[in-house]
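Here's a small set of exercises to work through with the viewer open. Try each task yourself, then compare with the solution under it.

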Amino acid sequence: MIEVTNLHKGFGDVKVLKGINATFHPGKTSLIIGQSGSGKTVFLKSLIGLHEPEQGSISFDGNINTDFTENQKQQWRQEIGMVFQGSALFDSQTVEENVMFPLKMFTSKSQEEMLARVNVVLKRVNLENSNHKLPAELSGGMQKRVAIARAIVMNPKYLFCDEPNSGLDPQTAIVIDNLIQEITKEYKITTVINTHDMNSVMEIGEKIIFLKEGKKAWEGSSEEIFKTDNEVVVDFVYSSNLFKKVREAYLKETK
Amino acid sequence: MNYLEHIGKYFIMLGRVFKKPQRTKVFYSAILKEIEDLGVKSLGIIMFISFFIGGVIALQTALNLESPFIPKSLIGFAAKRSIILEFAPTFCSIILAGKVGSYITSSIGTMRVTEQIDALEVMGINSLNHLVLPKIIATVSFYPFLISLGMFLGILGGWVAGVLSGLFSGIDYIEGIQTDFNPFLLTYAIIKTLIFAFIIATVPSYHGYYVKGGSIAVGRASTQSVVWTTILIVIANYFLTQMLLT
């Protein structure tokens with residue numbers, strides 16, 4: 001479980017996060033939504049330790065990450081899987097080398113054992129027979145799947161995804177969403193996703209946190225997001241006519 | 001950001017670079033890859049330029065020594081001195097600063113803007129140690145060979161130019177090369193090369209690692225890194241010459 005308490009973060013005079021409180025549970029997919037510039041990426045980067053909080057704390061299963069010693073930090077980092085917005089695959093390495101990289105760095109497994117594990121996770125993300133391809137030879141969706149495979153190869157306890165659907169067509173986006181949700185359930189991972197994609201919100205959002213100007217403006221589930229009267233959430237989520245109609249139909253049906 | 005801040009940040013970066021590698025096996029294979037990328041792939045340009053510049057140095061010396069009282073062997077002597085003292089270590093290092101420096105900045109800079117460095121950090125890898133230390137070891141260990149090859153080919157180029165042009169004989173040239181040979185000059189050239197190799201690996205890495213923005217920022221950082229690497233090589237050359245030869 002991840003607990004965020006009164007998290008503040010700024011850069012110079014610009015205050016980006018202004019006292020966020022949140023809890024993320026194992027086996028659940030939590031989504032962070034909000035307009036561009038609302039602080040989603042800074043929030044996610046604070047969770048994974050790339051930004052140090054100015055105030056407040058983030059605890060992982062009761063342990064505050066800023067209190068970790070170097071060794072504990074090292075251990076904690078190996079429990080984290082991260083899928084970056086642009087996949088962040090090492091472009092000079094093949095798919096197999098990319099996925100094998102964390103195993104090479106942090107385990108003493110033999111080459112055969114590592115290869116076996118790589119093949120298991122590549123199969124899990126439906127990406128067999130691409131071991132020797134370079135990232136540049138893959139489509140955006142395939143790159144995302146390699147990034148997911150790399151993120152889960154060490155059996156992480158926490159999975160973070162920064163806009164995993166950006167740049168993908170709607171069908172592929174759904175495939176990626178479902179894959180993340182299945183993996184979350186299967187391995188009981190605490191998953192936190194930053195997204196702009198309203199399909200994701202409706203499909204896999206077990207818990208949704210809406211950020212506005214660095215503050216938590218709303219929190220609830222995908223069911224609750226249909227019913228909410230919170231104006232800022234309604235304005236943001238139902239800004240398109242399609243989603244407005246979907247909401248109206250949902251409300252009519254549930255009345 | 002002012003110059004002092006950059007200097008401070010550069011030394012803080014070096015502090016993070018010089019840590020014990022996390023996985024020795026991965027580290028050794030990274031060194032071999034960097035030797036290939038930063039050294040072996042520069043062999044062609046260094047060989048080509050050294051040979052022709054050596055020829056030009058010998059021809060220019062011959063053309064400017066018109067007095068019959070000056071022995072022709074002086075051409076070989078002057079060419080040898082110019083090539084060993086300055087051309088091979090300094091001029092070749094400046095060429096490498098352009099070729100290798102821009103490659104290092106753009107590759108690390110691209111890793112930064114595409115979040116590959118963030119990915120390394122999230123995994124718990126000291127990205128500076130992982131990316132920069134193999135480059136330093138590769139350049140510092142390989143460039144002395146590269147520069148020595150440049151010296152040999154430069155002197156050979158001078159001999160070939162003389163023989164082909166008829167401005168001086170091969171025998172005079174070889175006599176000049178053998179005259180007053182001081183082995184310390186080679187030591188001096190190698191010391192300079194080692195310092196320049198360190199600059200070529202670290203200054204472009206600094207520019208690439210701390211780049212902010214997108215592809216234009218990476219391009220701008222590459223240009224800046226070549227300029228600053230060249231400036232630092234020239235300044236270091238001046239001080240090393242004063243310290244070692246005066």
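The exercises below go from the overall build of one chain to a sheet, a helix, a contact between chains and two exposed residues. Keep in mind that this is a predicted model.

**Exercise 1. Work out whether the radius of gyration of chain A agrees with that of a compact globule.**

Step one: take stock of the chain. Chain A holds ten helices and ten strands, and its C-alpha trace spans about 60 × 40 × 30 Å along the principal axes.

Step two: compare. A compact globule of 255 residues would have a radius of gyration near 18 Å, and chain A comes in at 19 Å, so the two agree.

Step three: look at the packing. Buried residues make up 40% of the 255 in chain A. Of the contacts in chain A with a separation of 6 or more, 65% are between residues 24 or more positions apart.

**Exercise 2. Trace the open sheet of four strands in chain A and find which strands stand at its edges.**

Step one: get the order. Going across, you meet β2-β1-β4-β5 of chain A, with antiparallel pairing.

Step two: pick the edges. β2 (14-24) and β5 (63-64) of chain A each have a single partner strand, so one side of each lacks a neighbour in the sheet.

Step three: check the pairings. Eight bridges hold β1(A) and β2(A) together in the antiparallel sense, with Val4(A) sitting opposite Ala22(A) of β2(A). Their hairpin has two residues between the strands, and Gly12(A) takes a positive phi near 65° there. At the other edge, β4 (residues 55-60) and β5(A) are joined by two bridges; Phe60(A) has Asn63(A) as its bridge partner.

Step four: see what lies across the strands. Helix α1 (residues 40-47) of chain A lies across β1 (2-11), β2 and β4, running at about 60° to β2(A).

**Exercise 3. Decide why helix α5 of chain A can be called largely enclosed.**

Step one: locate the helix. α5(A) covers residues 140-152, and its 13 residues reach 19 Å from first C-alpha to last, close to the expected 18 Å.

Step two: count burial, which takes 20 or more other C-beta atoms within 10 Å. Ten of the 13 residues of α5(A) pass, so the helix is largely enclosed by the rest of the structure. Among them are Lys144(A), Arg145(A) and Arg150(A), along with Val146(A) and Ile148(A).

Step three: identify the cover. For the buried residues of α5(A), this includes strands β6 (80-83) and β7 (158-162), plus helices α3 (95-106), α4 (111-124) and α6 (170-187), of chain A.

**Exercise 4. Describe what chain B brings to its contact with chain A.**

Step one: count. Chain B puts in 13 residues and chain A 14.

Step two: find the main contributor. Helix α5 (residues 116-123) of chain B gives the most to chain B's side, with six residues.

Step three: sort by class. That side of chain B has five nonpolar, four polar and four charged residues.

**Exercise 5. Are Lys252(A) and Glu70(A) buried or exposed?**

Step one: place them. Lys252(A) is in helix α10 (residues 241-254), while Glu70(A) belongs to helix α2 (residues 70-77).

Step two: count neighbours; exposed means 12 or fewer other C-beta atoms within 10 Å. Lys252(A) has 8, so it is exposed. Glu70(A) has 7, so it counts as exposed too.

Technical notes:
Residues are numbered from 1 along each chain as its sequence is written. Chains are lettered from A and ligands numbered from 1 in the order in which they are written. This is a predicted model: local features need pLDDT of at least 70, side-chain atom pairs count only at pLDDT 80 or more; totals for chains, interfaces and linings use all residues. The expected span of a helix is 1.5 Å times one less than its number of residues. Two residues are in contact if their C-beta atoms, placed from the backbone, lie within 7 Å. Two strands pair if DSSP finds at least two bridges between them. Axes are lines fitted to C-alpha atoms, for helices over the stretch in contact, and angles run from 0 to 180 degrees between N-to-C directions. Ala, Val, Leu, Ile, Met, Phe, Trp, Tyr, Cys and Pro count as nonpolar, Asp, Glu, Lys and Arg as charged, and the others, Gly among them, as polar. The radius of gyration is taken over C-alpha atoms; the globule rule is 2.2 Å times the number of residues to the power 0.38.
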